[in-house]
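Student: Please take me through one part of this model closely. Informal is fine, but keep the cut-offs in.

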Amino acid sequence: MTRILVLAIACLMTSGLTVANAQTVDSENRPHIIFVMADDMGWGQTGYRNHPVLKTPNLDLMAANGLRLERFYAGCCVCSPTRASVMTGRTPVRSGVLTHGYALRHQEKTIAQALKDAGYVTGHFGKWHLNGLRGPGAPILAEDTYGPGHFGFDEWVSVTNFFDVDPLMSRQGKFEQMKGDSSEVAMAEAIKFLQKHKDGGKPMFAVVWFGTPHSPFKALDDDKIPFGNLKADSENHYGELVAMDRSIGTLRSALRDMKIADDTLFVFCSDNGGLPRIQPDTVGGLRGNKGNVYEGGLRVPAIIEWPSMVQPRISSYPACTMDLFPTVADVLGLPDDVFVKPLDGVSLKPLLADELGAREQPIGFRFQKQAAWVDNNWKLVTSNRDQANKFELYNLKDDPHEENDLAKAEPAQFEKLKSAYQAWDAAVEASFAGKDYAAGKLTEPDPEPHYWTIDPRYEKYLPEWKDRWEYRTYIQKVLKD
C-alpha cells in the first residue's frame with residue numbers, strides 16, 4: 001500500500017467515512033446503471049436459445065459479451081409484483097403488490113431513492129404499473145403520488161401500464177403524443193436522458209420498462225414480415241419483439257458512441273414468463289406460462305453486460321429480480337439502511353467475477369393461492385398453499401420440465417423444503433401487515449386497484465381519448481354505463 005493511499009484512507013477515516021463507503025462519494029468510480037425489462041417475454045424467446053422463428057441479433061450480441069443467466073427468475077409470474085421486487089429487493093407481497101395493478105407502498109425504500117441519495121441522476125421510461133391503476137397504459141398524472149417521481153426518479157416519461165404503437169405518454173405530468181414502436185419510443189427517451197447527463201458529473205441510473213410483447217399485439221408492418229405465416233396475434237407479438245431487440249441494439253450503440261459502454265452496468269430481463277396462446281412456443285419447452293409458478297411462468301431471459309467488469313460466460317446460478325437492488329448496493333458500497341428488511345434478494349456481485357456454487361438463500365414466490373420455493377436444484381410448488389396435500393417437489397436438474405413429482409419419493413427433502421417455505425411464508429405475512437416498517441404497522445391503507453377509466457382524475461380526458469384504438473373499448477364501456 002503506497003504512502004499516498006494510506007494518507008487518503010486516513011483522511012476518510014478522520015472525516016467519519018469508512019473505506020467501504022468511500023466509493024459512494026467518488027462518482028468517477030461508480031458505474032452508470034441501466035435496467036431494461038420486457039413485458040411478457042418468455043424464457044425461450046431469444047435467438048441465443050434457438051427460437052424457431054424469432055431472431056434477436058442484438059440480445060444475442062449482448063449475451064455473447066456479458067453474463068447470460070440461464071436460471072433467472074422474475075419476482076412473480078405477473079408484472080406489477082415483479083416491478084416492485086426490482087425496486088425494493090423484496091418479494092412483492094411484502095410491499096403490498098399482490099398482483100397486477102397494485103400500488104407500491106410509500107413506506108418501502110426503492111433503488112431509485114437509494115441511488116439518488118448516493119448522487120446518481122435517475123430516470124424512468126415506459127411502463128410503470130406501480131400506482132394502483134389497471135387498463136391500457138395512460139399518461140401518468142402530475143398529481144399522482146404513486147408515480148415514478150415519488151419513488152426516486154428525477155425525470156420520467158411514463159405510462160400507467162402496457163403501451164403500443166404511437167403511445168400517449170407523460171413527461172413528468174405533461175402529456176405527449178409519441179410516434180413509432182413503443183419500445184423504440186421508450187428507448188429513445190432513455191438515450192436522450194443519458195446524452196443529457198453524461199457530462200454532468202453524476203453517474204446515471206435509467207430504468208426502461210417496455211410494454212412489449214404484452215397484448216394487445218400491434219407491430220410495425222415491416223417487423224411483421226418474417227412471421228406472415230403465423231396467426232395475427234402471434235405475427236404481431238413476434239413483430240413487437242423484433243422492434244424491442246432493435247431498440248436494445250440502439251442503446252448498445254449509443255453507449256459506445258457516448259464512450260460510456262465499458263463503465264455501464266446494463267441488465268436486461270423480462271417481468272414474467274411467456275404467454276400460452278402464442279405460437280411457436282414462448283417458454284422454451286418449460287412447464288407453465290405467465291400466471292403460474294411453474295418454471296415457464298417464472299423463469300425469464302436475463303443478461304448482465306458490464307464490459308470493464310464482467311467476462312462473457314453462461315451461468316446456471318439461480319438468481320432473481322429481487323437480487324438486483326442488493327447487487328447494486330454491494331457494488332457501490334451503499335449503507336445497509338437503504339433497504340427495508342428483510343430482503344429476499346442477495347448480492348450477485350461475486351457472480352459478476354466468477355461462477356458460484358450453491359445459492360445460500362432460497363428464492364420464494366407467492367401469487368394468489370400459488371407458491372413456490374426454489375432451493376438450488378430443488379423446487380417446491382403448490383397450487384393452494386393453504387392445503388398441505390397440494391405441495392409438489394421437483395428436481396430441476398434431473399427434471400427441468402417439472403414432470404416427476406418427488407414429494408413421496410423424497411420425504412426428507414420434501415419436509416425440509418416445506419418447513420423452510422412455511423417459515424418464510426409466515427415472515428411474508430408479517431411484512432404484508434406492516435411489521436417491517438419503522439412504525440411497526442401500515443401508516444396508510446393500500447390503495448384499492450381500479451381501472452383508470454373510472455378514476456375521477458381521468459374523467460375529463462375520456463371524451464378526448466374515446467376514439468384512440470388502445471383505449472376505445474375500455475372508455476366506451478364507461479360512457480355506456
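**Start to cavities**

Tutor: Over residues 1-25 the pLDDT (the predictor's confidence in each residue, from 0 to 100) stays under 50, and the model has 19 contacts (heavy atoms within 4.5 Å) beyond four places in sequence for that stretch. Where pLDDT is low, don't read the predicted coordinates in detail. The protein chain still averages 94, with 94% of the residues scoring at least 70. This is a predicted model, where local features need pLDDT of at least 70 and side-chain atom pairs 80 or more, while totals for chains, interfaces and linings use all residues. Residues are numbered from 1 along each chain as its sequence is written, and side-chain values use heavy atoms, leaving out hydrogens and water.

Now for the cavities: there are 4 of 30 Å³ or more. A cavity is a set of points on a 1 Å grid over the protein atoms alone where a 1.4 Å probe fits but can't get out, and lining residues have an atom within 4 Å of a point. The largest has a volume of about 70 Å³. Around this largest cavity you'll find Pro 136 and Gly 137, then Val 159, Phe 162, Phe 163, Asp 164, Val 165, Pro 167 and Leu 168, plus Trp 469, Glu 470 and Tyr 471. By class that lining has 9 nonpolar, 1 polar and 2 charged residues.

The second largest cavity comes in at about 60 Å³. Its lining takes in Arg 105, His 106, Gln 107 and Tyr 146, along with Leu 442, Glu 444, Pro 445, Asp 446 and Pro 447. For this second largest cavity, the split is 4 nonpolar, 2 polar and 3 charged.

Conventions. 1 Å grid on protein atoms, 1.4 Å probe; cavity = no way out; pocket = protein on both sides within 12 Å on 5 of 7 lines; lining within 4 Å. Points joined across faces, edges and corners; volume = space filled by probe spheres on them. Nonpolar A, V, L, I, M, F, W, Y, C, P; charged D, E, K, R; others polar.
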